[in-house]
Structures are given as structure tokens and as C-alpha cells.
Amino acid sequence: MSTADRNGRGLLSRTHILRRRLTAAVTPVPATDPASTRRHSVRFTLGLFAAFIVPSVLLCGLLGRAWVTSEQDRLTGSVAAQVARAADEVDQYLASHLALLKALGTSPALDTNDFARLRDQIHRLFAPERIEVALRDGAGHVLFRTGAPPDGGTGLGLKAGRSEASFSDLIRRGSGGYVVLSVPVMRGDAVRFVLEAEVDAPVFAEVLRRSGLGPQQLASLADRQGRVIARTEGDPLVYGQTIAGFAERVGAKGVWIGKNPRGLPVRMSYERLPEAGWMVSVGMTEAAFRAPLIHSIQWLAAICALIVLVAILLLVPLVRQRLAFQRAVAETQGRLRTSEERLALALDSGDDGLFDWDRATDAVWLSPRWSAKLGYPADAPTRPGAFYAEAVHPDDREELTALMQAHLAGTSLAIEAEYRRRCADGRYLWVLLRARVVERDAAGHALRIVGTLMDISRRKEAELHVIHLAHHDTLTGLANRALFHDRLREVLERSRRGSARYAVLACDLDRFKAVNDTFGHAEGDRLLCTVAERICAVMGPQDIVARLGGDEFAVILDEVPDDGAIHAACERIIAAIGAPIPHHGGTIDIAVSIGVALVSGSEATAEEVFRQADMAMYQAKASGRNTYCLFEATVLTRNSTRGLLALDMKDAIRRGDFFLVYQPVIDVDSGAVVSFEALMRWQHPTRGMISPVDFIPVAEETGMIAQLGAWALVEACREALTWDEDLWIGVNVSPVQFRCGLEQAVLTALATTGLPAGRLKLEVTEGVLMQDADGAIACLHRLRALGVRIALDDFGTGYSSLSYLRRFPFDKLKIDRAFIRDITEPDAAAIIRAVVGIGQSLGMSIVAEGVETVEQLEAVRREGCNEVQGFLFSKPLPAAEARAFVANRAARAA
């Protein structure tokens, strides 16, 4: 409620009350003896002084005590919080460097004893911090280190063979020292290497400073023996010195009060690091601790003195005020008149209007500013009929009348209503009315109503705009999904009550994604606006056109007389959208697939009707696109498979219907299993096993392949951890995944499962490289730098294989099964021979897919293929059977 509103409601009543009070104030006071008056004034003043000053002083004392206690608790809590932050900083520093050492432990360079590469990786990670790193073998012998041993020693002083990360205590060196972080490198169940990092003690002093120490706070870091590893400037501790009271500092955290090496009393909070066992201490001298308390006490004393002084200054004038009261009464009347004038000025200056309806005389007074706003002269009389009833919009009149009558009858405390009020020129303003009866007669009848009027037209416009945005697409201005379904429900209700027929059209643009990928989203948005305009241009005024999202549109045809009208409407839409769209001197061609569902008095819901149209649209796409199809229940099962797959896939992901099978890849010469290819399968609860040929294109089309691909990476890497370390796992990658975070998905899978990057092989097709060659190749280079192997799958079935072989050094080439099937033909054999020659010259391994007969195996062996895969050896196997397959082949080989 605004200030003008509150002032307006009680203006007249407050004025009358003030005048009555002033009249009582100026009533003559009986004469009294001046001496008696002075004695009374003195006693009055002393009584007030005693009643005010004594409690104030006692209150200040109590507050001071509570304040000092609170300040002590605050300072103690501040130091405890600071030591926690410092401990967290040290813990994070240790954890981050242990993580770097663990990351080095996964480097393929360790498996190949490529110490030069490992030294380069260590230099990139640790050289900026000048940290020396050493590598020991499982027996503890130093294989190499990045710098000379400290003080001419042999290394870092830790025992080899430990299977977990560890931290050393302080190792003295000159006037300082250092500590050692040690991480074992496991291969199987044995420690193969140990990585050790030497961190100078002054580094931890900088870590302590980063925790945000106060100007007078002292901080130190001690090892498990209590020797100082690091300290802040100003702390008298010496590196290697045992901190005072170390034996007394028991427990994970606490507070120790004692003396520092200089003999000064100190108060220290300490906390031990859970992993390292080191102790972080933060505190201050007792003098620094007590300084704020002394300062607070001084302030309290000053405040108490100020209260006493203010009390004296306030109480002494009370006597004079009592003597001057009679004079002030006369002056108050003049000030009241001035106040009324200022109030009138405030009402005229504000945007709110004030009205006073005197029902006894049937007259209404309206503030001049609002009279002008409504277009009436300021002095024009306003009768209640014109002001209240006739000026209200007809649609709002009934509700406002009911509210007014209820308040006049006394059933409501006030009136608050929003309505449209007509101005003199015939236009309407949205008005917020707040009013109440301020005077009633003995029978309870209202005599006068006072209230305010506020122009809320802009707010209403904003609300209507928000409502429009909630029900319309912001890009095209068409109805959105929510409004479309509301209108569809209304149409269904009308169809049940009458005999009219309606039709619902589900429209999905063909080739729109290619436009978005080629010209960008801004051009795609412009194209969508053009499509919306063209659809609206060929529809009737009663038809409803909506954009449901992306490139999906929908239309409700109003009262179609027959099927011919529906066919004509669909053909108009197809022709309008199919017309070339100008684009920077050229044109863009797109098409639309339309599904139609009829609405004619059925009991189907809006969702069911639109689902029928959606299924018919999928059938139109399956029929060659750029056409339309009417929903027919008799052919639903046969023709809506693809649409149903798209609708069921999200539920299938949630239920866990998808699983992986694994097909082995065999070494041609030894016959041993070298890797497995992970293949996805879908076990539908009602349709049984669904072929990847059916659901993979749908997943790519809907974008759900990104979620499925990320799941497959994690699942395949987790299963590979159960195999021998020399077995790889191959995972197929869709082109859509490159646009939906493939790199992050691979890193997440490796980090989640712990599988070394060198055991993961990504199999990509030429389709990946053809859509965004530069981006895809850059992504593959980054993954390959991590150690991930990259294979080019289905080689020879695309258009640009050789150019991609030149731009990216694949680890493997997989020859498509179509060539292997026809290998007995000279042309196919020549192609395979050429592929093998190209791959071998580029240092790539060659895999033949689809080997199903012994003759094919002998042929690919003659042509030089290194590895083979196919039903001759095994079909794709569940995880448990794949492990058994490896064990059986190993047993036969032995």
C-alpha cells in the first residue's frame, strides 16, 4: 500500500481527531505558586533521572559482560574457522599433487619404459612449481629423477613396495627442509613403480598464507613428530624445531594455551590432517587476542557515559518544556494548517487519486489531479451514478457492485478491486480501487466512503504480455504446446456436443537439421519464422497454428466438411513450405511431412488424438517424406514402428532395457583374442529383441544416442577391467556424439571405471568425419594424446577415406564385411590387397570384419590382414560368456 493511499483513507478522520486534541490542549490551566512549581519540577527531574540513568548503567554492565563473552566466543570461533581453512588448503594441496602423481601412474610410458616421455610429462606438470620427482622400481631402486638427489643423497628416504600413497615427515636440508609425497604404481596386484615428489618446506608457508590469515595471526605446519615444516612470517618457530606443547595437543582438533619460544603467552587452535597426520596450528598472542576485548570495553564505557550525558541533556529541558507547553498549543494550530496544506500538495503531486463519497448528500469529491487524468474539469461535480456505475466497464460492473454491496452491508473490512474505468474521451484505464466506510449512523448505514484510485494500466499490459508469452512461441508468435493442447481439448468437447468434424495436423520439417548445421542457428530461426508465416497464410481464420518446439508445427483445422478439405489443406501446406526460400543470393529448399488425425465425437483425449497424428507423421516420413498421411487404426501396428520406437526409447533407458554384447577380435597368426567389440542391444518388454538397425537411427534422430553412447562407454570400460590387461575394448561412436560431448563422455568413463586409456579403442565411421571433419579430427587428436586408440570402421564404404587417412593417423583400419563376403572375386580381393598395403605403409593394423568361413579366413590371411572378426570364431556374446570364451581359447592354446 502506497503512502498516499494510507494517507487518503483516513485523511478526514485524522483531521477531526487532531483538532479535538488541540482544543483540549488549549483549555486554560489553573494558576499555581511559582516556587511550588519549581520544587515540583526539580523532584520530577530527579525522579526521571534516577528512573532512567540507574537502569541504563545496569543494562550497560550486563550488555558489556555479554558483549565481552560473545566477543571471546567470536574470536575463538574465528581462529577455529581459520585453522580449518588452512588445514583444508594444505589438504587440497597434498591431494592435488597426489592426484598428479596418480595420473602419471596411468601413463602408457610406464608400460613401455619410455622414461624420456615420462620425464617430459613430469616436466610439464611439476616444473612450474620446481618440484623434483623420482621414479623407483618395485624393489626401491631409483630409475631416474628430475634433479640431483638432495644433499648428495640417494633419494627421498621412503621405503619402496608400499601399496598406498604416503607422506614423509620433515627431512632437514640446511636451514630448511622438505617432505616427500609417494604414490605406488600398481600393475595387477604388485607394485611395479613408485613415484615420489619432493616438496620444499617454504612451499607450505605459501599454502598457509593463501588461507586468508589475519594480520596478527600466526600459523605453522608440523609433521607427525611435531617438527615445524612451515610457518608464517612473524612466527618465532624455526624449521625442524618441535613446536611447544606438542605432546599436550591431543585429538584431531582443539585449542592449546601456552607460551611461544619468546616466552609470550599464545592461544593456538590446531587441527590434524586426516591422511598425512600433520598438524596445522593457527592462533595469536594473548595480547593480540585481548586487544579487541579491551577495545570493546572502552567503547561500552564511552557509550554508558554518553547515555548519562544524553539523559542529562534530555531531562533538564523537560522542565522548561512543561512551562512552555501553553505557548506551544497556540503554535500547534498554525502548524496543523501548514501540515494540511502540505498533505494536499502531496496528494496533487502523487499519481494516486483520492475520493470522498458523501452518501448523505449523494456527492463525490475527486482529487483534481485524477479529475484531469480522467478528462474532467477539476471543479466538475461527479454524481455517484456516473462515478461508480456508469463509468465501470460492463464486464467488470457486476463483480465491483457485489464487492461494494458487501462492504456497505458490513460483511467486509474494506474494498479492494481491479476494474476498467471509462475516461471522458471514451477510452478505459485499469484502476486499482481501495476504499472503506469511515462513518456510519446509529443503524449501521454507511454515511461516507473514502478511498484511493491507482492507475495500473501499465501493470495490466505487462501481465497480459506475460500471459501471451506463456501461451505463445517467442520466436514465431504462434501458439505454443500448452495453448495448442488447451485449444485441442476445447475442440474435442465441441465435437462431442455436435456433429462437426475437425482435423489435427502434426507437421515436422524435413532436412531442417541440415540447414541448422550448415548455416547456423540464426539462419535456422529465420527459416522457422518463414515457415510459420507460410503455414498461417494458407490456413483459414478459424484454424489454429502452433509451434510445438524445434521444427515441429501443428494445426487444428476447424469444422472440415469432408476428407477432401483435409487433403487440400495438407497440399497447400506442402506447397507453401516447399517453395524455395531466398538466402543471400541463393535459395534453401526444405520439405514437410504431415500426419493427420480426425476428431469427430470420439471419447479420445487430446493427448491420444495428437499421438495418432504424430504416428501418422512418422508414417509419412517413412513413405518418402514431403507428403502427408492420415491415421488409420487398422495399419497402426505395421506402420508406426519407428514412431513408437521414438516414443518408447526414453522409458527404455530409464528401465534399463539396453545391454551390451561383446564380439571377439582374433589375431590371425596366433589365434589369440586381442580385443572385443562392444555392441548394443535392446530387449523391449513387449516386442522382444529390437535390432540396432531399427533403433540406432531413431536414437540419432532424437539425440538420445548421446545418453546411450555415454552409458555404453562406462559399461564397456567397467567390463574390460575384469579381463586380462592385454585385452582392449572397442566401442562404436556415432557422429551425433561428436556434437554432444563425446570427449567429456570418454574422460568420464575412464575416470569412473579406472580403465587405462590405452585399453580403450573408439571405432568411428567416415560419416563422422564427413559432417565436421576439422572438429572431429581435432577431438580425435586430443583423445589419442590421452592414449585412447582410434579405429576407422567400415573402411571403403564412404567417399573420402584416403584423405582422412592422410589427415589422421588411425591405429586400425577395419575392412567392411561387404568386401570380405566377396573376397573370392578378383575385384574384391584387389581392393582388400590395396587397403592392406595402404594401412601397412601408414603403420596401421588391419582388421577384417564378417569372416564366416575357413576359406574367407585363409584369403584374408594371404592378403596380409593382422586381425579378424566374425561368426567363424564367435557371435556377439554376453559379458559372462565373453570371459569364458577367452579362458577356453587360452586353455586350448596351452
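This briefing covers salt bridges, enclosed and open spaces, cysteines, one histidine and two backbone angles. The model is predicted. A search of the whole structure gives 41 salt bridges, three cavities of 30 Å³ or more and zero disulfides. The largest pocket has a volume of about 1400 Å³, and the largest cavity holds about 130 Å³ of space.

**Salt bridges between distant parts of the chain**

- Arg459 and Glu418 form a salt bridge in which the closest N and O atoms are 2.3 Å apart. This pair links distant parts of the chain, with Arg459 in helix H11 (residues 457-471) and Glu418 in strand E14 (residues 415-422), 41 residues apart.
- Arg459 has a relative accessible area of 35% and is partly exposed. Glu418, at 32% relative accessibility, also counts as partly exposed, because the partly exposed class runs between the 20% limit for buried and the 50% limit for exposed.
- Asp811 pairs with Arg784 in another salt bridge, where 3.0 Å separates the closest N and O atoms. The two residues are 27 apart and link distant parts of the chain: Asp811 sits in the loop between helix H25 (801-807) and strand E30 (812-815), and Arg784 in helix H24 (residues 773-785).
- Asp811 is partly exposed at 22% relative accessibility, and Arg784 is partly exposed at 31%.

**A buried pair and its network**

- Glu763 forms a salt bridge with Lys761, and the closest N and O atoms of this pair are 3.6 Å apart.
- Both partners, Glu763 and Lys761, are buried.
- Glu763 and Lys761 belong to a network of salt bridges that also takes in Glu677, Lys814 and Glu849.

**The largest cavity**

- The lining of the largest cavity is made up of 14 residues. Those nearest its centre are Asp235, Leu237, Arg249, Asn260 and Met268.
- Three strands each supply at least two residues of this lining: E7 (218-222), E9 (253-259) and E10 (265-272).
- By residue type, the lining of the largest cavity divides into eight nonpolar, three polar and three charged residues.

**The largest pocket**

- The largest pocket is lined by 40 residues. Thr106, Ser107, Pro108, Pro756 and Ala757 lie nearest its centre.
- Several elements each supply at least two residues of the pocket lining, among them helix H3 (34-105), helix H4 (108-111) and helix H5 (115-126). Strand E5 (176-187), helix H22 (742-753) and helix H24 do so too.
- Helix H24, a contributor to the pocket lining, is also the helix that holds Arg784, the salt-bridge partner of Asp811.
- The pocket lining comprises 20 nonpolar, nine polar and eleven charged residues.

**Cysteines**

- A disulfide is a covalent bond between the sulfur atoms of two cysteines.
- The count of disulfides in this model is zero.
- Cys717 is buried, with 0% relative accessibility. Cys865 is buried as well, at 5% relative accessibility; both values fall in the buried class because that class takes in relative accessible areas under 20%.

**His684 and its contacts**

- His684 is found in strand E25 (residues 673-684). At 5% relative accessibility, His684 counts as buried.
- The side chains of His684 and Thr686 are joined by a polar contact of 3.0 Å.
- The His684 side chain also reaches the backbone nitrogen of Arg687, at 3.2 Å.

**Positive phi angles in loops**

- Asn113 has a phi near 55 degrees, a positive value in a residue other than glycine. Asn113 lies in the loop between helices H4 and H5, and both of these helices contribute to the lining of the largest pocket.
- With a relative accessible area of 42%, Asn113 is partly exposed.
- Glu559 has a phi near 50 degrees, again a positive value in a residue other than glycine. Glu559 is located in the loop between strand E19 (552-557) and helix H15 (563-578).

Key
Residues numbered from 1 in each chain as written. Predicted model: local features only at pLDDT ≥ 70, side-chain atom pairs only at ≥ 80, totals over all residues. Heavy atoms only, no water. Salt bridge = Lys/Arg side-chain N within 4 Å of Asp/Glu carboxyl O. Helix = DSSP H or I, 4+ residues; strand = E, 2+ residues; numbered from the N terminus. Buried < 20%, exposed > 50% of the residue type's maximum accessible area, 1.4 Å probe, protein only. 1 Å grid on protein atoms, 1.4 Å probe; cavity = no way out; pocket = protein on both sides within 12 Å on 5 of 7 lines; lining within 4 Å. Points joined across faces, edges and corners; volume = space filled by probe spheres on them. Nonpolar A, V, L, I, M, F, W, Y, C, P; charged D, E, K, R; others polar. Disulfide = S-S within 2.5 Å. Polar contact = N/O pair within 3.5 Å; in protein donor to acceptor, adjacent residues only side chain to side chain.
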